[in-house]
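I opened this entry to keep track of what I looked up, beginning with the ligand and then turning to the helices and the backbone.

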Amino acid sequence: MAREPEHIRLFIPGPVEVREEILDAQADWMIGHRSSQFAALYARIQPKLQQTFYTENPVYIYTSSGSGIWESASRCCVRDEAKILHLTCGAFSERWAETSRVNGKNVDLIAVDWGQSVKPEQLADALSHDSYDAVACVMNETSTGVRNPLEDYAEVLKAYPDTLFLVDVVSIYAGGKVDTDAWGIDVCLTSTQKAFALPPGMALGAVSPAVLERAKEVKNRGYYFDVLELHKSHLKNNTPATPPIALMYAADRQLDDMLAEGLEARFARHDRMAEMTRQWVQDAGFAMFSEEGYHSPTVSTIANTREIDLGALNAFLAERGMTLSNGYGKLKGKTFRIAHMGDTQPHHLEALFAAINDFLEQA
Ligand SMILES: *Cc1c(COP(=O)(O)O)cnc(C)c1O
């Protein structure tokens, strides 16, 4: 397809920069979603999704952004008389807790200050005092740049086999290892426009058999995001409603490219880019907003300690074909965010840091 080579490269944490090969992969002819070609496409993608999620559970395709699976998990995993425990540490984890609340669920919170991680001891303490149908958390809190200690939560939850473990891995899947089965995750959810580096519009959820059992005991699961319906279709390599076929073409291609790069190599590249970013933060006289020891491998939230004008910075960067992200919500102006995820390479970041340094010198 003909497209202008000049564009603004995205260093925002979603949607992220998408490679031309991926944009082009979407542009193939449409097929009917009840055709055998579609079933073949679905079946071709499935094992690659399972491999990248480190799971043997089915990975359902949801025609929505990631928030749709929040709603699915909140609704299908918690019975009326029971409770869900949400761990919150920033904007996205708070919004998921709100999603449970507006769906009529009884919500308890472990809430820590933005920038901090939730500690496994806090989870262990809450579980020892009350009983929950599910625990919900965000592995990589994109607003604060915190990567929560999922492997430690998994250890704590081993003692509670009846409590489902629901994890939002939206901004870390395909950028850092998400060991779904080893960590006993029952709903592991992501969307396409973060480290997977596809355009937005599709979400993916690895769902355990325990979730299907629980869902049978929940009366009002809704229609569009009912896991039992998704599972029925999945068994036929299909989806209940019309799926985002163009995005599935892109996913098919991207999964091949990810596996060709090697998952471990891909995660190492993300770690390297995160380290480069933290080094630049230090050299440029800023500070990390996220708690030491819990920095995200895919997005850095940087305290605006030099109190620079972030609007002016982005205007300067736009002239050079780049953009980064202001702080999220109440962190606007106080922090800024650099996404180093997806198919972004170290040399792209070097160009970004050079441009920011130019801005700082002329300011
Ligand atoms: C972006 C993001 C979401 C929201 O996902 P959508 O795909 O926009 O619905 C949820 N959780 C996290 C951690 C995110 O970064």
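My notes follow in the order in which I looked things up.

**Status of the model.** I was working with a predicted model, and I read every value below as computed from it.

**Ligand shell.** I first asked which residues come nearest to the ligand. Of the 14 residues around the ligand, I noted Ser65, Ser67, Thr142, Asp168 and Lys194 as those that come nearest. I then looked at how the residues of this shell divide by character, and I recorded four nonpolar, eight polar and two charged.

**Polar atoms facing the ligand.** I went on to look up the distances to oxygen atoms of the ligand, taking three residues in turn. For threonine 142, which I had already listed among the residues that come nearest, I found a polar side-chain atom 2.4 Å from an oxygen atom of the ligand. For serine 191 I again found a polar side-chain atom, here lying 2.9 Å from a ligand oxygen. With glycine 66 it is a backbone N or O atom that lies 2.8 Å from an oxygen atom of the ligand. I next asked how much of the ligand's accessible area the protein covers. On its own the ligand has 380 Å² of accessible area, and I wrote down that the protein covers 91% of it.

**Helices α5 and α6.** I turned to helix α5, residues 120–129, and helix α6, residues 150–157, whose axes come within 9 Å and cross at roughly 25°. Angles under 35 degrees count as roughly parallel, and α5 and α6 are therefore roughly parallel to each other. I also noted the handedness, with α5 passing α6 in a right-handed crossing.

**Helices α11 and α12.** I looked up a second pair, helix α11 (residues 310–319) and helix α12 (residues 346–362), and found that their axes come within 10 Å and cross at roughly 125°. That crossing angle makes α11 oblique to α12. Here too I recorded the handedness, and α11 passes α12 in a right-handed crossing.

**Backbone details.** I finished with the backbone, asking which residues a cis peptide bond joins. The bond in question joins glycine 14 and proline 15, with omega at about -10°, and I placed proline 15 in the loop between β1 (9–10) and α1 (20–25). My last look-up was asparagine 237, which has a positive phi of about 55° although it is not a glycine. I located asparagine 237 in the loop between α8 (227–234) and α9 (245–261).

Technical notes
Residues numbered from 1 in each chain as written. Predicted model: local features only at pLDDT ≥ 70, side-chain atom pairs only at ≥ 80, totals over all residues. Heavy atoms only, no water. Near = heavy atom within 4 Å. Polar contact = N/O pair within 3.5 Å; in protein donor to acceptor, adjacent residues only side chain to side chain. Areas by Shrake-Rupley, 256 points an atom, 1.4 Å probe, with all protein chains shown as cover. Nonpolar A, V, L, I, M, F, W, Y, C, P; charged D, E, K, R; others polar. Axes fitted to C-alpha atoms, helices over the stretch in contact; angles between N-to-C directions. Helix = DSSP H or I, 4+ residues; strand = E, 2+ residues; numbered from the N terminus. Parallel < 35°, antiparallel > 145°, perpendicular 65-115°, else oblique. Left-handed = near helix turned anticlockwise from the far one by under 90°.
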